[in-house]
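Got your viewer open? Here is a short tour, one selection at a time.

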Amino acid sequence: TYEKLWLVAAMVLIVAFIGTITYGSVGLGIAMVGDDSDSIDPNDVLDDEEFGDPGVQQVGEDEYEVYVRAQTFAFIPGTTEPIEIPEDSEVTFHVTSPDVIHSFSVVGTNVNTMVIPGEVASMTVEFDEPGEYGLVCNEYCGSQHHEMEGLLVVT
Ligand code: CUA
């Protein structure tokens, strides 16, 4: 019957979706390791020890902490200069905003988090292979929202 056909079609779609998600996290040599969060007063973001002068910090042999400020209308770093990390490294991103809600999304990966003012979104990702990844903001944040983008380079 048609009902059965629809059921089968729905199952096929679900499997396809799961396949897409798995490919996104594994197929590109990227694995999400975990995430946790923290918060600071949005008014203190620009004066914060880490977010006042954000960037890449090496914290272990193959471990990096990357602090990023998402603000109207740029990722700092990311927009005027790329975020650069070596391949085969475990990277923990910490992202916050001093102004309005943005997102921090690494195109082609499952790194996609909402960035709420003062809330520190943290996520750990493994980058095994060299590549270039676009950074985009997926939350409408104002007149230049569509131009809020950047670059992540794994070398
Ligand atoms: Cu930032 Cu849209």
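Before the stops, one definition: two strands count as paired if DSSP finds at least two bridges between them. Keep in mind, too, that this is a predicted model.

**Whole chain.** Start by colouring by secondary structure. You should find 1 helix and 11 strands, running from the N terminus as α-β-β-β-β-β-β-β-β-β-β-β. Of the 155 residues in the chain, 29% are buried. Contacts reach far along the sequence: among those between residues at least 6 apart, 67% join residues at least 24 apart.

**Residues 102–106 and 112–115.** Now select strands β7 (residues 102–106) and β8 (residues 112–115). The two pair in the antiparallel sense, over 4 bridges. Which residue in β8 is the bridge partner of serine 103? Click on methionine 114 and you have found the partner.

**The turn.** Next, pick the 5 residues between β7 and β8, which together form a hairpin. Glycine 108 sits in this turn, with a positive phi of about 85°.

**The two faces of β8.** Show side chains along β8 and watch them alternate. Thr113 and Val115 point to one face and are buried; Asn112 and Met114 point to the other and are not buried.

**Phenylalanine 127.** For the last stop, move on to strand β9 (residues 119–127), where phenylalanine 127 is located. Why does phenylalanine 127 count as buried? Because phenylalanine 127 has 25 C-beta neighbours inside 10 Å, and the cut-off for buried is 20 or more. Finish by drawing a C-alpha to C-alpha distance from phenylalanine 127 to isoleucine 101: the two are 27 Å apart in space and 26 residues apart in sequence.

Methods
Residues are numbered from 1 along each chain as its sequence is written. This is a predicted model: local features need pLDDT of at least 70, side-chain atom pairs count only at pLDDT 80 or more; totals for chains, interfaces and linings use all residues. A residue is buried if 20 or more other C-beta atoms lie within 10 Å of its own, exposed if 12 or fewer, and partly exposed in between; C-beta atoms are placed from the backbone. Two residues are in contact if their C-beta atoms, placed from the backbone, lie within 7 Å.
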